[in-house]
Amino acid sequence: MNLTDKMHQLKFRATAYFAPFKQAIAYIRARQKRFFALFVTLAHIAGALTSVQAVMETRTAQGAIAWAVSLNTIPIAAVPAYWAFGRTKFQGYVKKRQEKIDETNPLVRHFIDLAREEQFLVSNRTRETPLLERLTNLPATVGNDVQLLRNGEEIFPSIFRGMEKAEDYLLVQFYIVRDDNLGRELQARLLAAAQRGVRVKFLYDEIGSYQLPRSYLDTLRESGVQVSAFNSTQGRANPFQINFRNHRKIVVVDGRHAWVGGANVGDEYLGLHPRLTPWVDAMVKVTGPAVQALQVPFLEDWFWASGEMLDLDWTPRAAPNGTSRTVFILPTGPADRFETCALYFLHSINSASHRLWIASPYFVPDEQIVSALQLAALRGVDVRILVPEDCDNRLVRLSGWSYVAALEKAGVKVYRYTNGFLHHKTMLLDNETSAVGTANFDNRSFRLNFEITLEVQDEEFAREVEEMLLQNFSESRLSSAQELEQRSFPFRLAVRVARLLAPIQ
């Protein structure tokens, strides 16, 4: 058989192979109007059925109406959007947590019993102590030491020194991990710990760290590091839940030392972002019985991600320097019985008597938070909001402008940080209470993200936070509603449109 015959034979076989597909395409084209009508009908049925669920589950009446209208008028776009972004309860996580409640609860109760025996529980309980404990099911503890770490130059050397001292286990959880210089330094510390026999658990958010290459993770696994992604879409009931993120940043060494706060792992946190620099952030190093409380959310997140129940040290010990600072650990997320994060900040705003300073890179509050801030200012509280002048999220930046007029009218001052990108999430309440964590003042942190906040009731630590914020204010400018009025109509329109999208920012 010559080359021409072979070519004809191959052509004949290819024609025979693709013939059924061509026939199917021709069949569909001949009846495309019918298929289109069927598709539209099925889409409207799906929209109608989904709208019933939206009406039953959406948190607000306005949200329920908006979803119901869009699902029934433009179902082709609205149905997938609802399943991806419309739900606020992470049911898969709730179910998994309930499956192991008999295992996790005894561990937490054991920790609380030991803390009570060692007199680490708060004795002079304030009015808010029982409320916060009911919200989180975790106790406030004394006997802690806390150290405020500012910016990457302080944060990461402290964390890496702690990792080098790990002897039993190392728990590491970040929202974003990059394969850059800082990310590879973290990798080297994890590998070194695993090689000397430390049990290393590394948990990352799959959406936040979507750029992290498989080779980075394979290198960790091959050296004995246990790696898990917090994949919110895992499980048959959760294939579309891409809107839920694990935004927590926690490092725990041997149940004795812990770090929590706003910094992720990337060179930009060392001031190397091409545009947003310097990068201004904060974390807290914790020593004392509060470390055991910090282990609880990691335990639950790890079980969701890997199915493994960790064997950790639950015996609380006082901080070596003998401080008695009161610390609350507040893990919050879409699997909670209540909207814990929103309730915590709402309670804090309502509790302020003379000062309330809030720093957040993403400030997109809902109406109840705006009203609470207005009321605080009207009763004479010094309310200041600190946001970055420039932001890595243009939609959030536009939305933030829409709140200035309503807040300014009540006496709330909105400052815009001009010396880089302000990324820390900090609150200072009166003279004694301060909070540092991962939660922003937006719907995503209030209802969609898993967050962690550390609240300290201690005047000395509050003065450290005050000093940091005063420096931030000195590098900021006071914003005003007049600025927005002087901007162009397209910009003002973009601000209003961006605010309509606040629930999913």
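Biologist: How many salt bridges does a search of the whole structure find?

Modeller: The search finds 21. Side chains of opposite charge can pair when their charged atoms come close. The cut-off here is a side-chain nitrogen of Lys or Arg within 4 Å of a carboxyl oxygen of Asp or Glu. Keep in mind that this is a predicted model, where local features need pLDDT of at least 70, side-chain atom pairs count only at pLDDT 80 or more, and totals for chains, interfaces and linings use all residues. Residues are numbered from 1 along each chain as its sequence is written, and side-chain values use heavy atoms, with hydrogens and water left out.

Biologist: Which residue forms a salt bridge with E460?

Modeller: R325 does, with the closest N and O atoms 3.3 Å apart. E460 sits in helix 17 (residues 459-474) and R325 in strand 10 (residues 325-332), so to speak distant parts of the chain, 135 residues apart. Helices (H or I, at least four residues) and strands (E, at least two) are DSSP runs, numbered from the N terminus. Both residues also belong to a salt-bridge network with D145 and D458.

Biologist: Is R325 buried or exposed?

Modeller: R325 is buried, at a relative accessible area of 5%, while E460 is partly exposed at 46%. Buried means under 20% relative accessible area, exposed over 50%, and partly exposed in between (1.4 Å probe, protein chains only).

Biologist: What does the salt bridge between E389 and R477 tie together?

Modeller: Their side chains meet at 2.6 Å, N to O. E389 lies in the loop between strand 13 (382-388) and helix 14 (394-401), and R477 in strand 20 (residues 476-478), so the pair ties together parts that are 88 residues apart in sequence. R477 is partly exposed, with 27% relative accessibility.

Biologist: Let us turn to the interior. Which residues touch the most other members of the largest nonpolar core?

Modeller: A nonpolar core is a set of buried Ala, Val, Leu, Ile, Met, Phe, Trp, Tyr and Cys residues joined through side-chain atoms within 4.5 Å. The largest has 80 residues, and L170, L190, F202, L356 and L373 touch the most other members. This core lies between domain 2 (91-328) and domain 3 (340-504), because both give residues to it; the bounds come from an automatic or database domain assignment. Another core, of 54 residues, lies apart from it and includes Y169, L171, V280 and V456.

Biologist: And on the surface, which residues form a nonpolar patch?

Modeller: L38, L42, I45 and L49 do, with about 410 Å² of accessible area together. Patches are made of residues with over 30% relative accessible area and no salt bridge, with like charges joined within 9 Å and nonpolar side chains (Val, Leu, Ile, Met, Phe, Trp, Tyr) within 5 Å. The areas come from the Shrake-Rupley method with a 1.4 Å probe; for residues, only the protein chains shown count as cover. L38 belongs to helix 2 (residues 32-57) and is partly exposed at 46%.

Biologist: Now the backbone. Where is Q119, whose phi is near 60°?

Modeller: Q119 is in the loop between helix 6 (101-117) and helix 7 (128-136). Its phi is positive although the residue is other than glycine, and Q119 is exposed at 66%. N137 also has phi near 60°; it is in the loop between helix 7 and strand 1 (141-150).

Biologist: Which residues does a cis peptide bond join?

Modeller: T277 and P278, with omega about 0°. P278 is in the loop between strand 7 (257-261) and strand 8 (279-280).
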